[in-house]
Amino acid sequence: MPTPAKKTAPLRVAKPARVARSLQKGQQTRAAILEAALGLASHMGLEGLSIGALADVTAMSKSGVFAHFGSREELQIAVVTEYHAKFEEEVFFTAIREPRGLPRLRAMFERWVRRVSVEVDSGCIYISGAVEFDDRPGPVRDALVAMVKAWHAALQKAIQLAISEGHLKADADVEQICFELHGLILSLHHDARFMRIPGALARAGIGFDRAIQFYATPLGLDIDGSRKLPKTGAAKR
């Protein structure tokens, strides 16, 4: 005779509210780890990041940190992505509220300069990352390159719109202007952070003004006249 089937206990299904709280807590923990990692990378570079160092800073176990990122490389890429998101929020999304043309282009440059001024005591992950990974192919370098290219594309779009609005000359070289503006930022970062030369921020503003004067139309110069980078206060650093 067949033996009677044993009664099995019903499966316990987690309540949706409990699952949501667990997911939210996990996301908050990951965000806290990522914020700490961003701070470490700003001072020590992406190569200075490690699961162990991050565990010490966050007072977590290595396994706890590892559970959120899986590997050092994944952690580095997450930091690059987070840095780019903050850069976009502070520089790009604020600047595009300005009218198309030179007002928007100047706003993008000025906010870029302000970002660098804040990073004088920490560091720009785009710039330090380029030094660390310029000759090291791999996913981290690819992530860095993709983020910088995205910013350059946005900058070139703003330059192109300035041409379309008649603020810059029709034959202005978009890539050349982008190159010159990026060069000003690199010089600013070098002189302000590495050399600690006073007045670097003001010189960046003067460099932008000269570039605009060279490429702008009379209409563009009139529109841009009241939007110049201040030469006092923070610009004297």
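Which residues in H4 meet which residues in H6? Keep that in mind as you load this predicted model and start selecting.

**Stop 1: H4 and H6**

Select residues 72-95 for helix H4 and residues 125-133 for helix H6. Their axes come within 11 Å and cross at roughly 150°. Now show side chains. From H4, pick Gln76, Val79, Tyr83, His84 and Phe87; their partners in H6 are Ile125, Tyr126 and Phe133. Colour this contact by residue type and you get 6 nonpolar and 2 polar residues, with no charged ones.

**Stop 2: the aromatic cluster**

Keep Tyr83, Phe87 and Tyr126 on screen and add Trp112 and Trp151: these five form one aromatic cluster. So Tyr83 and Phe87 from H4, and Tyr126 from H6, take part in the helix contact and belong to the cluster too. Before you leave Tyr83, select Arg115, which lies over the face of that ring, 4.8 Å from the ring centre.

**Stop 3: aromatic pairs**

Across the whole structure there are 7 aromatic pairs. Go to Phe92 and Phe93 for one of them: the ring centres are 5.3 Å apart and the planes sit at 65°, so this pair counts as edge-to-face. Phe92 is partly exposed, at 21% relative accessible area, and Phe93 is partly exposed as well, at 35%.

Next, zoom in on Trp112 and Trp151. This aromatic pair is edge-to-face, with 5.3 Å from centre to centre and 80° between the planes. Trp112 belongs to helix H5 (residues 102-118) and Trp151 to helix H7 (residues 139-164), so the pair ties together parts that are 39 residues apart in sequence. Are these two tryptophans buried or exposed? Switch on a surface: Trp112 is buried at 5% relative accessible area, and Trp151 is buried at 4%.

**Stop 4: a lysine over a ring**

Select Lys169 and Phe214. Here Lys169 lies over the face of Phe214, at 5.6 Å from the ring centre.

**Stop 5: two cysteines**

Finish with Cys124 and Cys178. Cys124 has 7% relative accessibility, so it counts as buried; Cys178 is buried too, at 2%. How many disulfides does the structure hold? The count is 0, so don't go looking for a sulfur-sulfur bond, given that a pair would need its sulfur atoms within 2.5 Å.

Notes: Residues are numbered from 1 along each chain as its sequence is written. This is a predicted model: local features need pLDDT of at least 70, side-chain atom pairs count only at pLDDT 80 or more; totals for chains, interfaces and linings use all residues. Side-chain values use heavy atoms; hydrogens and water are left out. Buried means under 20% relative accessible area, exposed over 50%, partly exposed in between (1.4 Å probe, protein chains only). Axes are lines fitted to C-alpha atoms, for helices over the stretch in contact, and angles run from 0 to 180 degrees between N-to-C directions. Helices (H or I, at least four residues) and strands (E, at least two) are DSSP runs, numbered from the N terminus. Contact means heavy atoms within 4.5 Å. Ala, Val, Leu, Ile, Met, Phe, Trp, Tyr, Cys and Pro count as nonpolar, Asp, Glu, Lys and Arg as charged, and the others, Gly among them, as polar. Rings of Phe, Tyr and Trp (its six-membered ring) pair if their centres lie within 6.5 Å; planes under 30 degrees apart count as stacked, over 60 as edge-to-face and the rest as tilted. A charge sits over a ring if NZ of Lys or CZ of Arg is within 6 Å of the ring centre and within 35 degrees of the ring normal.
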